[in-house]
Amino acid sequence: MSQYYNARRTKGMYEPGSTEPFKLSRSKVDLFLECPKCFYLDRRLGVSRPPGFPFSLNSAVDTLLKKEFDIHRAKKSVHPLMKEYGIDAVPFEHEDINRWRDTFEGVQYLHRPTNFLLTGAIDDVWVNPDGQLSVVDYKATAKDSEVTLDADWQIGYKRQMEFYQWLMRQNGFDVSPTGYFVYANGKADRKAFDGKLEFEVKIIPYEGDPSWVEPTLENIKTSLDSNKVPKANPDCDYCLYRDAVKEVHK
């Protein structure tokens, strides 16, 4: 992975006192909540965590779901899954939908109190008859048990939804607190592979509460303006690894 990883970065770093807006993605905001030390090392000092391998299968599912819902977007029709789950809405048709989905652009908002240019790439948006929008996120997995949002590690999924809801509201949209996860679960209980993987797709509603976003942005601003590296999350695997290396290699 070395060709994809720059251990010491000189770009994309926060400079205290700069008047230029500092671009901060949804994933970096979540990184701060996950481990303030890793976030500071990344955004202030230019040392990022090594990247993981991309989940190509998940990306394929994501792309195909977008194509599928785009067919109904063009027709202004209700997707069968939405009918099945009693959701009175259709995919939202907007000239910026492809930009909102783009990883390098996404939905953007300049948060003037911190001067952060906040971004987030949204999978989809649905609109009800009253014109209210719902943020939609696609997920893919493969497990024998029922797909839910109950696992502790899925707090990141919930924050992701809430951050997107907040972003859309800052852009002037009427956004419902109810968002939806379209969850595709690959089935391993079939008799044979036969060159195809079958999925069971369900929609999971989620009531978002983005009240954490504003105070978190203020905390991020305070941290980045400081010259002191914050403490690590005691459960951060990356920090635990670094500390273990220091112990055995002095």
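# Reading the fold: a tutorial dialogue

Student: Where should I begin, and what percentage of the contacts between residues at least 6 apart in sequence join residues at least 24 apart?

Tutor: Among contacts in the chain between residues at least 6 apart in sequence, 68% join residues at least 24 apart. Please keep in mind throughout that this is a predicted model. The chain holds 8 helices and 8 strands, and of its 250 residues 41% count as buried. Its C-alpha trace spans about 60 × 50 × 30 Å along the principal axes, while the accessible surface comes to about 14,600 Å², with 52% of that belonging to carbon and sulfur atoms.

Student: How do I read a sheet, and what is the order of the strands in the open sheet of 5 strands?

Tutor: One follows the pairing from strand to strand, and here the order is S2-S5-S6-S7-S8, with mixed pairing. Strand S2 (90–91) and S8 stand at the edges with a single partner strand each, so one side of each is left without a neighbour in the sheet. Between S6 (residues 133–141) and S7 there are 6 bridges, and these two strands run parallel, with Val136 standing opposite Tyr180 in S7. To get from S6 to S7 the chain passes through helix H6 (residues 155–170), and this β-α-β crossover is right-handed. On the pairing with strand S8 (residues 199–207), S7 is antiparallel and joined over 9 bridges, and there Val182 stands opposite Ile203 in S8.

Student: Which way do the residues of S7 point, and are they buried or exposed?

Tutor: The general idea is that in a regular strand the side chains alternate between the two faces of the sheet. In S7, Thr178, Tyr180, Val182, Ala184 and Gly186 point one way, Gly179, Phe181, Tyr183 and Asn185 point the other way, and all are buried. Because 9 of the 9 residues of S7 (residues 178–186) are buried, this strand is largely enclosed by the rest of the structure.

Student: Which strands does H3 lie across, and which does H6 lie across?

Tutor: Helix H3 lies across S2, strand S5 (124–127), S6, S7 and S8, and runs at about 145° to S6. Helix H6 lies across S5, S6, S7 and S8, and its angle to S6 is about 150°. A residue to look at in H6 is Arg159, which is buried, with a relative accessible area of 17%; the cut-off to remember is that buried means under 20%. Leaving aside residues up to four places away in sequence, Arg159 touches Asp30, Leu33 and Trp212.

Student: What is the strand order in the open sheet of 3 strands?

Tutor: That open sheet has the order S1-S4-S3, and its pairing is mixed. Its edge strands are strand S1 (22–25) and S3, each of which pairs on one side only, and neighbouring strands in this sheet are turned by 25° against each other on average, direction ignored. S3 and S4 pair in the antiparallel sense over 5 bridges, and Val107 stands opposite Gly120 in S4. Two helices can be followed against this sheet: helix H1 (residues 26–34) lies across S1 and S4, running at about 75° to S1, and helix H7 (residues 213–225) lies across S1, S3 and S4, running at about 125° to S4.

Student: How should I read two helices that meet, and at roughly what angle do H2 and H8 cross?

Tutor: One looks at how their axes approach and at the angle between them. The axes of helix H2 (residues 36–43) and helix H8 (residues 237–248) come within 9 Å and cross at roughly 80°, and the two helices are therefore roughly perpendicular to each other. Where they meet, Lys37, Cys38 and Leu41 in H2 face Tyr238, Cys239 and Arg242 in H8 as contacts.

Student: Which sign does phi have at Lys76 and at Asn115?

Tutor: As a general idea, most residues other than glycine have a negative phi. Lys76, however, has a positive phi of about 55° although it is not a glycine, and its place is in the loop between helix H3 (56–75) and helix H4 (80–84). Lys76 is exposed, with a relative accessible area of 56%. Asn115 likewise has a positive phi, of about 65°, and is not a glycine; Asn115 lies in the loop between strand S3 (107–111) and strand S4 (116–120).

Definitions and conventions:
Residues numbered from 1 in each chain as written. Predicted model: local features only at pLDDT ≥ 70, side-chain atom pairs only at ≥ 80, totals over all residues. Heavy atoms only, no water. Buried < 20%, exposed > 50% of the residue type's maximum accessible area, 1.4 Å probe, protein only. Helix = DSSP H or I, 4+ residues; strand = E, 2+ residues; numbered from the N terminus. Pairing = 2+ DSSP bridges. Right-handed = clockwise from strand over helix to strand, strands pointing away. Contact = heavy atoms within 4.5 Å. Axes fitted to C-alpha atoms, helices over the stretch in contact; angles between N-to-C directions. Areas by Shrake-Rupley, 256 points an atom, 1.4 Å probe, with all protein chains shown as cover. Parallel < 35°, antiparallel > 145°, perpendicular 65-115°, else oblique.
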